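Let's take a relaxed walk through this model, starting from a single residue and working outwards. Have the sequence and the 3D view open as you read.

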Amino acid sequence: MSDITALTLTEVRDKLARKEIKAAEAVAACLARIEGTEPALKAILHLDAEAALAAAKALDDAGPVAGQRLWGVPVLVKDAICVKDAPTTCGSKILQNFTPFYDAVCIEKLKAAGAIILGKTNMDEFAMGSSTENSAYAITANPWDTAKVPGGSSGGSAAAVAADQCFAALGTDTGGSIRQPAAFCGTVGIKPTYGRVSRYGLVAYGSSLDQIGPLTRTADDAAAVLSVIAGHDPRDSTSAPREVPDFEAALAGAVDLAGLTIGLPDEYWGEGVDDEVRQACAAAVDTAKSLGATVVPVSLPHTPYAVATYYIVAMAEASSNLARFDGVRYGYRAPEAQTLEELYELSRSTGFGPEVQRRIVIGTYVLSAGYYDAYYRKAAQVRRLIRQDFLTAFEKCDVICGPTSPFAAFPIGQMTDDPLQMYLSDIFTISLNLAGLPGLSMPVGLGQTSGMPIGMQLFGPAFDEAAILRTAKVLGAALPPLPRPAGI
Amino acid sequence: MTISPDAVAKVAKLAKLRLDDAKLERFAGQMDDILAYMETLGALDTTGVEPLYSPVGHATPLRADTAAPTCTRDQILANAPATDGQFFIVPKIV
């Protein structure tokens, strides 16, 4: 039975649809795998085995339904996304006792497609971090080496998928929080185009940046999940009123990369990238060439300004979004507060962790009178230049390719005392969120020095997720598959 | 630029945060580094560049103005730290 968890999502889904295995068996296999790996991994914050088994039984009793594209498939969900009657903490003490009475739209869609929610995954508090060390509850380990971080902020989702605890997990990506942990843990992770997936029911961090997307073991699996969760939603005004292609069908029959032009931005392949990362990514690009792709140099000249721009925008939006946590309507309330002012201040100061407080303070600073133009407005201007870089580059190529992170997963504790150093490590993922474009990270091998997974990114034009998924599928099939993670 | 712990306290107050002295001291040092890094944007000439505040490419549509059930009072109050069954309860204001 434990072999079930080694299947890909599309494999297990097809077996479920053919009644070769029952939904209850798929759930039981995942629960057994979770039980065996979770003590070392700590990827999951809330597991509801009973509810998952009950949902599986109900599905089995009714039998597979044609058109339910994820019928019986067990999945995990980042704890930033509301699941009805399940705790949703966002990795924060301030939401310790918060239980939403509704499903996020992406959860409604997963359930309608027959997927079974096993539980909620660990994350950096309010998605603020690149290592999952900022969670108020646990430090998630990397399944390849439990002394190393899984990346973040969707570190629990990446670790869970890499460790075969589930067949897919939802993550969120504000500045790389799907792609960087996917790279660190050796999984596929896609950040869809801004507006592709409804954020209704997602705890907001940086509203002009946030997107929900799947972490999976293959590009086909990502296409299957994205096809289900994408689509216009009148409850999210940023959701794009446009048709969603059948991504899985768009990938069917793709065997080579003939006719595809891949742009390599100079700024992503130069200084500051570890040798083992550059080597693994360059080898993957060579493989793409052997599959028929043409490679051209492109330039994203404003890349050196991306980290500063991103953190101004993200912290400004965070300081505004997180004003809602006031100890009145939901979340933690400081019991000792005597006045309303004290209630706000003490609840927020006790409920939020240090990184969240730091970002709220800096975000408030850059939005305050006298500094707004110098920081926030200036960053918004540079943001347009960064976006224009991509639009210009896409005149010369179909997809853009570069490393996901300058280095492989680092040891737990290495960067916790130096927030700026941690921010700088996001250099290759954040521009995409500023531009609102889709991007995917895929594993391209193990680092020659570290032995840890190396991730490579593919960026596409707006709403052309199919192009990057297709490229990832063909390239992934041609690269040697990663073994099962060695650390658990 | 040097950010003093007092300046951090002032901004924290605006954000309804109360930070102890050790944290004010630590945040001040870190903010110095982070803001100095952010100020590297000043090197870029952005004269005449229209700010981009959101990547949304479509006009945000208005939904139909029709009545529909959303949630009940009980659901809304269920997560509140203090209620009387009808309202959120906070410390006395007036």
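## A loop residue to start with

This is a predicted model, and a handy way in is A:Ile94, which sits in the loop between β2 and α4 of chain A. Being in a loop doesn't put A:Ile94 on the outside: its relative accessible area is 2%, so it falls under the 20% cut-off and counts as buried.

What does A:Ile94 touch, once neighbours within four places in sequence are set aside? The list includes A:Phe126, A:Phe325, A:Tyr332 and A:Phe352, along with A:Gly331, A:Ser347, A:Arg348 and A:Gly351. For a sense of scale, try A:Met442: it is 348 residues from A:Ile94 in sequence, and their C-alpha atoms are 34 Å apart.

## Thr88 and Lys120, a pair in contact

A:Thr88 belongs to the loop between β2 (74-78) and α4 (105-112) in chain A. Its relative accessibility is 0%, so A:Thr88 counts as buried. Leaving out residues up to four places away in sequence, A:Thr88 has contacts that include A:Asp79, A:Ile81, A:Cys82, A:Leu95, A:Phe98, A:Val203 and A:Lys120.

That last partner deserves its own look. A:Lys120 is part of strand β3, residues 116-121 of chain A. Is this lysine buried or exposed? Buried, with a relative accessible area of 1%. Besides A:Thr88, A:Lys120 touches a set of residues among them A:Ile44, A:Leu45, A:His46, A:Leu76, A:Lys78, A:Asp79 and A:Pro87. A:Thr99 is 21 residues from A:Lys120 along the chain, with 12 Å between the two C-alpha atoms.

## Chain A as a whole

Zooming out, chain A has 16 helices and 11 strands. Its radius of gyration is 21 Å, which agrees with the value near 23 Å for a compact globule of 488 residues. The C-alpha trace spans about 65 × 55 × 45 Å along the principal axes.

Of the 488 residues in chain A, 66% are buried. Among contacts with a separation of 6 or more, 76% link residues 24 or more positions apart. The accessible surface of chain A is about 15600 Å², with 52% of it on carbon and sulfur atoms. As for charge, chain A carries 40 positive and 53 negative side chains, and the centres of those two sets are 4 Å apart.

## Chain B, a stretched-out partner

Chain B has 3 helices and 0 strands, giving an α-α-α pattern along the sequence. Its radius of gyration is 23 Å, well over the 12 Å that the globule rule gives for 94 residues, so chain B is more spread out than a compact globule. Its C-alpha atoms fill a box of roughly 50 × 45 × 25 Å along the principal axes.

In chain B, 31% of the 94 residues count as buried, and residues 24 or more positions apart supply 26% of the contacts with a separation of 6 or more. Chain B exposes about 6300 Å², 56% of it from carbon and sulfur atoms. There are 9 positive and 12 negative side chains in chain B, with the centres of the two sets 12 Å apart.

## Where the two chains meet

How many residues does each chain bring to the contact? Chain B puts in 51 residues and chain A 71 residues. Together the chains bury about 5400 Å², and carbon and sulfur atoms account for 68% of that. On the chain B side, B:Leu41, B:Leu52 and B:Asn79 lose the most area to chain A, together 13% of what that side buries.

Methods
Residues are numbered from 1 along each chain as its sequence is written. Chains are lettered from A and ligands numbered from 1 in the order in which they are written. This is a predicted model: local features need pLDDT of at least 70, side-chain atom pairs count only at pLDDT 80 or more; totals for chains, interfaces and linings use all residues. Side-chain values use heavy atoms; hydrogens and water are left out. Helices (H or I, at least four residues) and strands (E, at least two) are DSSP runs, numbered from the N terminus. The radius of gyration is taken over C-alpha atoms; the globule rule is 2.2 Å times the number of residues to the power 0.38. Buried means under 20% relative accessible area, exposed over 50%, partly exposed in between (1.4 Å probe, protein chains only). Contact means heavy atoms within 4.5 Å. Accessible areas come from the Shrake-Rupley method with a 1.4 Å probe; for residues, only the protein chains shown count as cover. Lys and Arg count as positive and Asp and Glu as negative; His and the chain ends are not counted. The place of a charge is taken as NZ of Lys, CZ of Arg, CG of Asp or CD of Glu. Buried area is the accessible area (1.4 Å probe) that two parts lose on being put together, summed over both.
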